[in-house]
Amino acid sequence: MVLGGGAAGLYCGARLAEHGLSVLVLDHARRPAEKVRISGGGRCNFTNIHTSAANFVSQNPHFAKSALARYSPWDFCDRVAKRGLTWHEKTLGQLFCDQKSGAIIDMLVEDFTKPGGELRLETSIGEIDHRDGRFHVGTSNGPVTADRLVVATGGLSIPKMGASGLAYDIARKFGHDIEPTRPALVPFMFSGDLKDAFSDLSGVSCMVDAKAGTGPDFHEAMLFTHRGLSGPAMLQASTYWRESQPVEIDLAPGAPLLDNLNEARKAKPRMTLTSWLGTRFPARLAQFVASWPGLPGDKQIGQLSNAEMDALTTALKNWKVTPVGTEGWRTAEVTAGGIDTGGLSSQTMESKHLPGLYFIGECVDVTGWLGGYNFQWAWASAVACAAAITNR
Ligand SMILES: Cc1cc2nc3c(=O)[nH]c(=O)nc-3n(C[C@H](O)[C@H](O)[C@H](O)COP(=O)(O)OP(=O)(O)OC[C@H]3O[C@@H](n4cnc5c(N)ncnc54)[C@H](O)[C@@H]3O)c2cc1C
């Protein structure tokens, strides 16, 4: 029995059914894999060709290695290609479906149901027990039993879509620890003057290097919004961010700023600093930066002192802003934290506390970066689990 008919649950169920097992997938939603439908702006960014364990956040950074090594992005591409679907690389190794995400869902559902898998939707899950060597699950459609239970009910992000903490409740019940959960791949919110300023800049975007906490620098686009900061760079940083920490932003990544400014000083000494900033940034952003305390925005660049030029480069390369929070579960693409990997086998995803119980996909404390990594983890953990159950 598989709880959760999302990406991981259906993919695991399909592999089990394909091997002749009798498999039931239960889901409380009206339609399966709704997150696949809305993913990648409707084109499902289904994997990333650069996937390695380094693209995931977990208390145990080694945990994902085994499953990821045994099921690569190209393995999933093979499956998609056999289905007659095509894809393109958008950026940074991110593979998007040329067809709509619904085509991936149809593939997942058919792969599961054609070999005989049964998908029961709109089914609420109640009490779960393990006795006499079997799992007993109370559901809104009556009790069900199975000798193996795969939990694939995902994380807490987007409750409106049916996200629930069921996987964590089941894990706790059978003795597992939970790594504290937090919304990840989520926009930042600000208050006061910064919120007002960002709201005025809403819609403006620029390339930055961004970093939070112990995370790496992400060289991606940042977007100003009515509530704060978003765009891929901020979503990536959010996974590493903790409350009251600043986000460190380089607004001029890779640019030899002082050299550029000195060249401009020679060529156009009467140009104002605001105008020079306007050669690098959208006009509204240039005006915002020029208004920062300590920067002489309306001064001619030919008259800038060395100290003023240093202040400018430091301000642009080391801009630190402290969000008041994130947009939370309402918009977070994933859940960081989750079922502690210490209680699971990295080879099979099986519980070390109760043989026959498995956890796969987003509910496990393995959180991918933005860009197809989370689906790759869903497929790879599903395959590791199914391989163990079918003894392959
Ligand atoms: C807006 C958005 C865009 C995204 N885009 C991408 C992308 O392009 N690329 C990428 O790699 N990742 C993307 N993600 C993340 C990706 O969708 C998830 O990491 C992935 O779906 C996790 O798969 P899963 O099977 O573990 O969980 P889910 O896909 O969330 O599936 C869990 C299933 O369990 C069911 N369920 C939950 N609770 C219960 C319960 N109590 N009873 C019964 N059933 C229950 C749900 O209805 C759901 O069908 C995106 C996420 C969001 C929210």
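Which helix gives the largest share of the shell around the ligand? Keep that in mind while I set the scene. What you see above is a predicted model, so please read everything I say as a description of that model.

Okay, the answer: it's H13, with 4 residues in the shell. Let's stay at the ligand for a moment. There are 34 residues around it, and those that come nearest are Gly4, Gly6, Ser39, Gly154 and Gly361. If you ask which elements give two or more residues to that shell, you get helix H1, residues 7-18, helix H2, residues 34-38, and helix H13, residues 373-389. What kinds of residues are they? By class, the shell divides into 16 polar, 14 nonpolar and 4 charged.

Now, two of those helices, H1 and H13, also meet each other. Their axes come within 8 Å and cross at roughly 30°, and the crossing of H1 past H13 is right-handed. On the H1 side, the contact is made by Ala7, Ala8, Tyr11, Cys12, Arg15 and Leu16. On the H13 side you'll find Phe375, Ala378, Trp379, Ser381, Ala382, Val383, Cys385, Ala386 and Ile389. Sort that contact by class and you have 13 nonpolar residues, 1 polar and 1 charged.

H1 has another partner too, helix H5, which covers residues 101-113. Here the axes are 7 Å apart and the packing angle is about 30°. An angle under 35 degrees counts as roughly parallel, so that's what we call H1 and H5. The handedness for this pair is left-handed. Who touches whom? From H1 we have Leu10, Tyr11, Gly13, Ala14 and Ala17, and they meet Leu108, Val109, Asp111 and Phe112 of H5. That contact has 7 nonpolar residues, with 1 polar and 1 charged. Notice Tyr11, by the way: it is listed in the contact with H5, and Tyr11 is also in the contact with H13.

On to the sheets. One open sheet has 5 strands, in the order S7-S2-S1-S11-S21, and the pairing is parallel. Which strands sit at the edges? Those are S7, residues 118-120, and S21, residues 357-359, and each pairs on one side only. Take S7 and its neighbour S2, residues 24-26: they run parallel and 3 bridges join them. If you'd like one pair to click on, Leu26 has Arg120 of S7 as its bridge partner.

There's a second open sheet, this one with 7 strands in the order S18-S17-S14-S15-S16-S13-S19, and its pairing is antiparallel. At the edges are S18, residues 319-321, and S19, residues 325-326; each has a single partner strand, so one side of each is left without a neighbour in the sheet. Inside the order, look at S14, residues 205-212, and S15, residues 218-224: 6 bridges join this antiparallel pair. Asp209, for instance, has His219 in S15 as its bridge partner.

Last stop, another helix pair: H9, residues 257-267, and H12, residues 306-317. Their axes are 10 Å apart and the angle is about 135°, which makes H9 oblique to H12. H9 passes H12 in a right-handed crossing. The contact involves Leu257, Leu258 and Leu261 from H9, and Met309, Thr313, Leu316 and Lys317 from H12. By class that's 5 nonpolar, 1 polar and 1 charged.

So, if you want a place to start in the viewer, go to H13, which gives the largest share of the ligand shell, then step across to H1, and from H1 on to H5. Thanks, everyone!

Methods
Residues are numbered from 1 along each chain as its sequence is written. This is a predicted model: local features need pLDDT of at least 70, side-chain atom pairs count only at pLDDT 80 or more; totals for chains, interfaces and linings use all residues. A residue is near a molecule or strand if its C-beta atom, placed from the backbone, lies within 6 Å of it. Ala, Val, Leu, Ile, Met, Phe, Trp, Tyr, Cys and Pro count as nonpolar, Asp, Glu, Lys and Arg as charged, and the others, Gly among them, as polar. Axes are lines fitted to C-alpha atoms, for helices over the stretch in contact, and angles run from 0 to 180 degrees between N-to-C directions. Angles under 35 degrees count as roughly parallel, over 145 as roughly antiparallel, 65 to 115 as roughly perpendicular and the rest as oblique. A crossing is left-handed if the near helix is turned anticlockwise from the far one by less than a right angle, and right-handed if clockwise. Two residues are in contact if their C-beta atoms, placed from the backbone, lie within 7 Å. Two strands pair if DSSP finds at least two bridges between them.
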